[in-house]
Amino acid sequence: MIGFDSGYDKSKLSVFANWKGTEPFESGHKKEADFGELIKNIYTDVRPATLREQLTHIDWICSVGTIDVKAIKRISRHGDKEPDRIWVEFRHTKGGYGWLYGKQDFIAFEQNKYYVMVRRSDLAKLAEKLCDQNDYVTKAKDALYKVYNRKNTRDLISMIKITDLLSLQHRIIKK
């Protein structure tokens, strides 16, 4: 097993300040806002998360609970966005518990024409069952049901198929 201390330079550790303002950051915030407009048509008591709440992976709050929104992601840095697969985060870039173990009740994953919303705790159990956290790969494209660690981070991420989510209790929210 690869240790967190191998393969990264602490001075180049990926941090929020380096990510804020980038295209993926801005695009993600736009998707969060778009999702908020959609759920305002379903729940009457929707409000955006405060900055403190956002730091715990919460984007929206309403009577159903707290919701984290995930935009469609690329499989590799320079590839196309891939709606058929989703990234799951066991450990974040500094090595602590990832968003799979956050305080949010639900996670809404963007698809081309809708969002799939699932209970976070159910997703965490599913990801733990499907993904072999002892099988490390060195390329993002190989991370389906295996773990990958990005350069200059301490993260542990994996991919599952969007169809895996449909085995969980879920809600489809059309765009």
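This report covers the confidence, the salt bridges and one nonpolar surface patch of a predicted model.

## Confidence of the model

The protein has a mean pLDDT of 87, with 85% of its residues reaching 70 or more. Confidence is highest in helix 4, which spans residues 120-130 and has a mean of 98, and lowest in helix 1, residues 16-19, where the mean is 54. Over residues 1-6 the pLDDT is below 50, and this stretch has 9 contacts in the model beyond near neighbours in sequence.

## A salt bridge between distant parts of the chain

Side chains of opposite charge can pair when their charged atoms come close. A search of the whole structure finds 8 salt bridges, and one of them joins Glu110 to Lys175, with the closest N and O atoms 2.7 Å apart. This pair links distant parts of the chain, since Glu110 lies in strand 5 (residues 106-110) whereas Lys175 lies in the segment after strand 10 (170-174), and the two are 65 residues apart.

The two partners can also be described by their accessibility. Glu110 has a relative accessible area of 6% and is therefore buried, because buried means under 20%. Lys175, at 45% relative accessibility, counts as partly exposed.

## Other salt bridges and a shared network

Among the other salt bridges, Glu53 pairs with Arg47, and their closest N and O atoms are 2.9 Å apart. Arg47 is partly exposed, with a relative accessible area of 34%.

Lys141 and Asp142 also meet through their side chains in a salt bridge, at 3.7 Å from N to O. Of this pair, Lys141 counts as exposed at 52% relative accessibility, because exposed means over 50%, while Asp142 is partly exposed at 35%. Elsewhere, salt bridges that share partners join Lys31, Glu110 and Lys175 into one network, to which the Glu110 and Lys175 pair described above belongs.

## A nonpolar surface patch

Tyr114, Leu166 and Ile172 make a nonpolar patch of about 240 Å² on the surface. Leu166 is placed in the loop between helix 5 (162-165) and strand 10, and its relative accessibility of 41% means that this residue counts as partly exposed. Of the other patch members, Ile172 falls within the residue range of strand 10 (170-174).

Key:
Residues are numbered from 1 along each chain as its sequence is written. This is a predicted model: local features need pLDDT of at least 70, side-chain atom pairs count only at pLDDT 80 or more; totals for chains, interfaces and linings use all residues. Side-chain values use heavy atoms; hydrogens and water are left out. pLDDT is the predictor's confidence in each residue, from 0 to 100. Helices (H or I, at least four residues) and strands (E, at least two) are DSSP runs, numbered from the N terminus. Contact means heavy atoms within 4.5 Å. A salt bridge is a side-chain nitrogen of Lys or Arg within 4 Å of a carboxyl oxygen of Asp or Glu. Buried means under 20% relative accessible area, exposed over 50%, partly exposed in between (1.4 Å probe, protein chains only). Patches are made of residues with over 30% relative accessible area and no salt bridge: like charges are joined within 9 Å, nonpolar side chains (Val, Leu, Ile, Met, Phe, Trp, Tyr) within 5 Å. Accessible areas come from the Shrake-Rupley method with a 1.4 Å probe; for residues, only the protein chains shown count as cover.
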